Amino acid sequence: MSSEQFEAAVRKMSGISSAHFLKLVEDRGTIGFWSSDITTGHGSATLGLLRLLGLDHGTQFRIADFTRFIHPDDRGYGDDIWTTIRQGIPVNRNFRIIRSDRTVRWVEFKSEVVLDGQQKPSKAIGLIIDVTDQQEGRHALEDALDRYRALVGSLATMEWRSTADGQPIFSHAWAALTGQNETDAANHGWIQAIHPDDREQVSRKWQASVATLAPYAVNHRILLSNGHYEWFHARAVPVIKRGGRSHEWLGIIMRQVDLKRDAPIAPPTMSMLTPIQVRAARAMLQWTLDELSQVSGVSVSSIRRIEGEGERATRPASLQAIRAAFEEYGIEFAINAAGAVTVAFLSQK
């Protein structure tokens, strides 16, 4: 917008009180404004701020007394707010508050300092925004990522990623495993860490998966940094963007000795598939609920019930379809010597 256009817009709004804009913003119920004299600490709060704090209309508000609203566990984030403001330093912090009705909310506290004619702090202005929904969403995402990392860490030697066209993204875990640096692994150089007898199979299967977006799974030997070869199972799936475009590949590498390969005593029955085993198999394939549903033909809601309650929550036919889908992509359900059902990749050597 040019300066002329801006001035024209201001002239059009000149008959509208700023109170109208303030009400429009504060009607959301998640934001309020305040101002304060730095010398005396006296100030004012808008109706939106009083509402956010759970205070009655007309309640006297001093930003210097705001710390009484801060949650005891977060006092370290707010005890020095007024001192910081009086020093002329802007504040921008997130913490919890306890409203007058004893409910707990997350807020973002922001302030600016206004200087007088002698360039000394004179007034402070600011706003407080309720960010409870954003905080809860972020914490839920962090919890999900922590669970994912813990599960992958318990199953895999390393996690790896690749671009949509099949170029692996360098990983320090790969460097620690093989001794290859980023230059060594670039331009298909990572294949040099694969045993010569396995390179053709690895390259062929990887290229086919990249071309068709089919899940990638192969067993091969890797030359470790200690100079010895070991057998590994590599697996990857494409992460698809909306519209069907491949965004990247996400995979894992697992030592063969880490795959519980005890010989089965007898074929497992459907009643042996527990929620944990279904979740473990889905995690090993890195499938979402939607992906398992598409492959097995079982609805997402049924799969969610199975993972939460077990085989009693659905028909045996659905469990059979889920097991068949897993086995088609290399998952094996077997019984070890202790009588426990194990979940592992079928050998592809």
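How many of the protein's 349 residues count as buried? The share is 39%, and keep in mind that we're looking at a predicted model here. The secondary structure adds up to 13 helices and twelve strands. As for contacts between residues at least 6 apart in sequence, 51% of them join residues at least 24 apart. Here's a quick tour of some spots to click through.

**The aromatic cluster**

- Start with the rings: the count of aromatic pairs comes to eleven.
- One of them is Phe66 with Phe69, a tilted pair with 6.0 Å from centre to centre and 35° between the planes.
- Both partners, Phe66 and Phe69, are buried.
- Phe66 also pairs with Phe95, and that pair is tilted too, at 6.1 Å centre to centre with 50° between the planes.
- This second pair ties together distant parts of the chain: Phe66 sits in the loop between α3 (47-53) and α4 (75-78), while Phe95 belongs to strand β3 (residues 91-98), 29 residues apart.
- Phe66 counts as buried because its relative accessible area is 1%, under the 20% cut-off.
- Phe95 has 0% relative accessibility, so Phe95 counts as buried as well.
- Zoom out a little and you get one aromatic cluster made of Trp34, Phe66, Phe69, Phe95 and Phe109.

**The five-strand sheet**

- Phe95's strand, β3, is part of an open sheet of five strands, ordered β2-β1-β5-β4-β3 and paired antiparallel.
- Which strands stand at the edges? They are β2 (43-45) and β3; each has a single partner strand, so one side of each has no neighbour in the sheet.
- Going from one strand to the next, the twist averages 20°.
- β3 pairs with strand β4 (residues 104-115) in the antiparallel sense, over eight bridges.
- To find your place in that pairing, look for Val91, which stands opposite Ser111 in β4.
- A handy reminder while you look at side chains: in a regular strand they alternate between the two faces of the sheet.

**The β8-β9 hairpin**

- Strand β8 (residues 216-223) and strand β9 (residues 229-240) also pair in the antiparallel sense, over eight bridges.
- Ile222 stands opposite Glu230 in β9.
- The two strands, β8 and β9, make a hairpin with five residues between them.
- Gly227 is in the turn of that hairpin and has a positive phi of about 90°.

**Two positive phi values in one loop**

- Most residues other than glycine have a negative phi.
- Asn187 has a positive one even though this residue isn't glycine, with phi near 55°.
- You'll find Asn187 in the loop between α8 (182-185) and α9 (199-212).
- Is Asn187 buried or exposed? Asn187 counts as exposed because its relative accessibility is 75%, over the 50% cut-off.
- His188 has a positive phi too, near 70°, and is likewise a residue other than glycine.
- His188 is placed in the loop between α8 and α9.
- With a relative accessible area of 36%, His188 is partly exposed, because that value falls between the 20% and 50% cut-offs.

**Gly166 and what it touches**

- Gly166 is in the loop between β6 (158-163) and β7 (168-169).
- At 9% relative accessibility, Gly166 counts as buried.
- Leaving out residues up to four places away in sequence, Gly166 touches Trp206 and Val210.
- Gly166 and Val210 are 44 residues apart in sequence, and their C-alpha atoms are 6.0 Å apart in space.

**Where α11 meets α13**

- Helix α11 (residues 289-296) packs against helix α13 (residues 316-328) at an angle of about 100°, and their axes are 9 Å apart.
- Why is α11 called roughly perpendicular to α13? The angle is about 100°, and angles of 65 to 115 degrees count as roughly perpendicular, so α11 fits that class.
- On the α11 side, the contact is made by Leu292, Val295 and Ser296.
- On the α13 side, the contact residues are Ala321, Ile322, Ala325, Phe326 and Glu328.
- Sorted by class, the contact of α11 with α13 has six nonpolar, one polar and one charged residues.

Key: Residues are numbered from 1 along each chain as its sequence is written. This is a predicted model: local features need pLDDT of at least 70, side-chain atom pairs count only at pLDDT 80 or more; totals for chains, interfaces and linings use all residues. Side-chain values use heavy atoms; hydrogens and water are left out. Rings of Phe, Tyr and Trp (its six-membered ring) pair if their centres lie within 6.5 Å; planes under 30 degrees apart count as stacked, over 60 as edge-to-face and the rest as tilted. Buried means under 20% relative accessible area, exposed over 50%, partly exposed in between (1.4 Å probe, protein chains only). Helices (H or I, at least four residues) and strands (E, at least two) are DSSP runs, numbered from the N terminus. Axes are lines fitted to C-alpha atoms, for helices over the stretch in contact, and angles run from 0 to 180 degrees between N-to-C directions. Angles under 35 degrees count as roughly parallel, over 145 as roughly antiparallel, 65 to 115 as roughly perpendicular and the rest as oblique. Contact means heavy atoms within 4.5 Å. Ala, Val, Leu, Ile, Met, Phe, Trp, Tyr, Cys and Pro count as nonpolar, Asp, Glu, Lys and Arg as charged, and the others, Gly among them, as polar. Two strands pair if DSSP finds at least two bridges between them.
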